[in-house]
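Here is a short report on one protein chain. Please look over the sequence and the fold before reading on.

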Amino acid sequence: MADDDKHLMTSSRTRLSYAQMTRLPEFEFHNPLATDEVMQSQTNGGGKQVSAGAPKKVEEEEEEDADVQDKRPSQPLDQELVGRNMFFKDGKKRIDYILAWSTEGKPEKLAHSQEARAVFEENLEQEGLKLEKDEKEGEEVHFLKVHAPYEVLTRYAEILKVRMPVKKSLDLDKIQQKYAKLELKYKCIQGPDLDKILIKLEGGGFHRRAVTPIKAVSTRLWDTMTNITKKVFTPFQLDEEVVKPIKRRFNVAYSRDKEYLFDIPEDREKYFDHATRSRIVNFILRRKSFSKAKEKAYSFGINKMIADGHYTDAFPLHEGHWKPGSADNERKLLFDYWANWRNCFKIQPLDHVRAYFGEKIAIYFAWLGFYMQMLIPASIIGLIVFIYGCVISGNSYPANEVCDKSKNFTMCPLCDFQCPYWKLSAACSHARASRIFDNNATVFFAIFMSFWGTLFLEFWKRKEAALQFKWDLTDFVTEEQPPRPEFLAKLEHITTYKEHPITGIKEPHLPFWRRRFPIYLMSWTAMLFLAFLAIIAVVGVIAYRISTLAALQVLTRNTPVTNSTFIATTAEVIYQNASLVTTVTAACINLLIIVILNIIYNRLAFWLTDMECLRTQKEYDDSITLKLFSLQFVNYYSSIIYIAFFKGRMVGRPGKYATLFGGRQEECEAGGCLIELCIQLAIIMTGKQLIVNNIVEILIPKVIKWIKRKIWPETKEQKMSRSPWEKDYRLQPAETTSLFYEYLEMILQFGFLTLFVAAFPLGPLFALINNILEIRFDAVKFTTQLRRPMAERVPDIGVWYSVLYGISRIAIISNAFIIALTSDFIPRLVYTMAYSPDGTLKGYVNQTLAVFNTSDFDEAHRPVFEGSDIVESCRYRDFRNPPDSDDPYEYSQMYWHVLAARFAFVVVFENVIVVITGLIAWLIPDVPAKLKLHIRREAYMSNEIIIKTELLRAKGETVGEEDIEKIIEDESQRYKTNDFGSMELVHRKSASPEAAENNVV
């Protein structure tokens, strides 16, 4: 046996390897890569990735964005392509940031801007940054290239506590590999042979009997489920030979005094990755002054300079081009294997997204991908419920009774004066369609989606915890934000100053009651008025539905006799489907109104928020989020809420209808209001997201680009001569609100799915299809259409989690009332249990149709069309006594039974679901236990390594890699496993194994 192996076996106090001790669990059932993703990531950037396949010929019309270094159509295809020019003219200093300014404007304004830029650039150079200008004669826009030397990067990396990879000898992966041989030997040796190896230990002749750790049944079951899930998801993995996994390195906060810990290459300029470099430069740009006047204390920061017009934009460069034939680079890799449609069913390379765009954008795509994965089981269950509804719709007693012409149910007119009596059998198709969505399975699906919403949020918190660990966000500290440039600009005339409690700087101050309160009052009054506009629009659509339904009834009744088969058939189809035609056209009109109001709301919400003079960007973002979400909530959901909870509730009865503004209120159709709610949901949800949003995000930018090409044509030489920063400047700016609208769109979709899912079981499936497209559309936008955003660091999805949680709680109440009030589930249940002679739904339709004596019509509402006088009685949908009873037309006994059952169902459903979902949330920890252990273990190891190495250095000893390895080995021996496989900490080494047995905590 080799000496190293003997030493490992001697020093090991457990059958579990160190790799088993430190590995992370597969704690996400929905994601088979949970373990791999946690371990296969990086802290700060990644290596060069090589795309597969030979370069392809670039189409001539697409070369306007191509870099001259990337695209050389004249060169042979097998010639190696040179990457994008990312350096100063000397070819050594890397460009970390680009500042652009315009040369057009009034002379005095240009002179003032030039003076401000000169002061700003001088301050940047004093900070240690290197600058180089690109000023071409005749060009409207000039550029300033910014480079951060290694000394500046290390100084600010220490200030910002940037976590950097340590030397490979300190990496936990290497420690795991060190114990892999021992683990393999344990696995290969069975039975008594294993005991023989460990009964007698080397050096001293002490004996100890080893006990093989036994995994718990739950652990083995979970491992089995995880392995099965991995195999199922294998076809959806990207090829690791092409998109190489980014391994997470053991890292600690950077310190210039402890550089011996870090894996610094010979070329130190390559130590910090591109995203970290741009983040540090951006931090410096936001702090430097551009005025020497002491009275202008707030004339600092690149954001203020852009707001004042001294610069037009500031952005980091894209690292290459994305089109076929370009040199291999991270941007092209992301386009080929993330944004490309051929990979739309592949799992996203989130570590590469994070390395290129930063944590803020990566967390959005991680959340969106997780949301999409969680929609898969919901879509499957919803599709099964829909198929079940289709199967039973043809054999439903209520639907068959509606369609049975022999029943001869004559229904009361749908409007006064002109509308005729009609046969219930005319609503046959409507009743069968309603039965598809209104059945017992719908109740199960509503309960399932209530649990699904809770599980989604709880598992997302666990997923988020894993992302925070592998992206080094566990100890993230939010940076104190400076005042917004717009805030300072608006308050330049203010003479009242107040010291900020955090920064200690005196800032302009607006008294709350005299200045801020009137603005807030005006802002929220305007918000109420805007919300009232959406309600007025709903009332208008209601009026359209009532008038259109009456017009179609009159139109088909007054159709002249003709020999044309087409006209007669069309009139008959319209008559039989008048309610369906009215509902569909009203929903389309409502969708158009929603789109128009969205445009108005967006502009006014930003205007109102600007009026409030909020100090920081976070305060501004939170305020605009609250306003826009509130307005969009009313805009999207008001018509749906009306149909779900108010339509047909206060109609009255024939001869005594309730009126509003002189007109009758809307009634539910023969099949109930649930089918109308389903149609409304389908048109608004799918129409807005699948059609309108995609037109806005994809089609309109392409049309604008095509128009620009036609109006301002360029030669091929002009296109190829542009520098990389000129090309990036022509892209759309990556604004701070880019992700805001993406989140808002998905949150509204989540509201559709959870608040009204009982009416539309196919909602999750349509949402899944939309989100598959959405991920690729957004990926294409970020990689090809936008300038590269600054790599911002955020630990979570922010305020949106609270919004999601609030919606999931409201959804429980919403679905309870939809099932109780909108669907016929409760009336059917009451009928079968208390009124049906055989316990079935036979006779249910007759029981729900009240009788009205037409002689009780008053003259003001009596039908006047020819033949109406021969109808003696008609039926209407309600639970009321017949005209010959002691209390004619009053609510019947069944009405009160149904009403009591409905409210009992709401109370039971709400409380049971709330209690169970709360219990689920309590049982599922936000951070997996093994992940907590791993985080604590890594923090402990890093502290112990630093403490002991610093102690050696304090004694004047030279600390080499062998000394550090010895320290790590000593720390790794401080854990052992008990007989049940649990890890226990040993305080210190003992003289003998027997003594060690009694030295366990």
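Is Cys613 buried or exposed? Cys613 counts as buried, because its relative accessibility is 9% and the cut-off for buried is under 20%. The model is a predicted one.

## The open sheet

Four strands make up an open sheet. Their order is 2-3-1-6, and the pairing is antiparallel. Strand 2 (130–134) and strand 6 (313–315) are the edge strands, each paired on one side only. From one strand to the next, the twist averages 20°.

Strand 1 covers residues 97–102 and runs antiparallel to strand 6. Three bridges join these two strands. Leu99 has Ala314 of strand 6 as its bridge partner.

## Helices across the sheet

Helix 4 (residues 107–127) lies across strand 1, strand 2 and strand 3 (141–147). It runs at about 150° to strand 2. Helix 10 (residues 274–285) also packs here, lying across strand 1 and strand 3. Its angle to strand 1 is about 45°.

## Disulfides and other cysteines

The model has two disulfides. One is formed by Cys403 and Cys428, with sulfur atoms 1.9 Å apart. This link is right-handed, with 95° about the S-S bond. Cys403 sits in helix 15 (residues 397–403) and Cys428 in helix 16 (residues 428–437), so the disulfide ties together parts 25 residues apart in sequence. Cys403 counts as buried, because its relative accessibility is 16%.

Another disulfide joins Cys412 to Cys874, with an S to S distance of 1.9 Å. The torsion about its S-S bond is about 85°, so this disulfide is right-handed. The pair links distant parts of the chain, 462 residues apart. Cys412 is in the loop between strand 7 (410–411) and strand 8 (422–423), while Cys874 is in strand 16 (residues 873–877). Both Cys412 and Cys874 are buried.

Cys678 can be classed by its accessibility too. Cys678 is buried, because its relative accessible area is 5%.

## Nonpolar cores

Nonpolar side chains tend to be buried together in soluble globular proteins. In this model, the largest nonpolar core has 128 residues. Trp367, Tyr371, Phe456, Leu677 and Ile797 have the most contacts inside it. Helix 14 (residues 359–393) gives this core its largest share, 15 residues.

What does Leu677 touch, leaving out residues up to four places away in sequence? Leu677 touches Ile640, Ile643, Ala644, Ala759 and Ile818. There is also a second, separate core of 40 residues. Val166, Phe283, Tyr311 and Ile945 are included in that second core.

## A buried glutamate

Glu742 lies in helix 26 (residues 738–755). Glu742 counts as buried, because its relative accessibility is 3% and buried means under 20%.

Which residues are in contact with Glu742, apart from neighbours within four places in sequence? They are Tyr364, Glu697, Glu774, Asp778 and Lys781. With Lys781, the side chain of Glu742 makes a polar contact of 2.5 Å.

Terms used:
Residues numbered from 1 in each chain as written. Predicted model: local features only at pLDDT ≥ 70, side-chain atom pairs only at ≥ 80, totals over all residues. Heavy atoms only, no water. Pairing = 2+ DSSP bridges. Axes fitted to C-alpha atoms, helices over the stretch in contact; angles between N-to-C directions. Contact = heavy atoms within 4.5 Å. Disulfide = S-S within 2.5 Å. Buried < 20%, exposed > 50% of the residue type's maximum accessible area, 1.4 Å probe, protein only. Core = buried A, V, L, I, M, F, W, Y, C linked by side-chain atoms within 4.5 Å. Polar contact = N/O pair within 3.5 Å; in protein donor to acceptor, adjacent residues only side chain to side chain.
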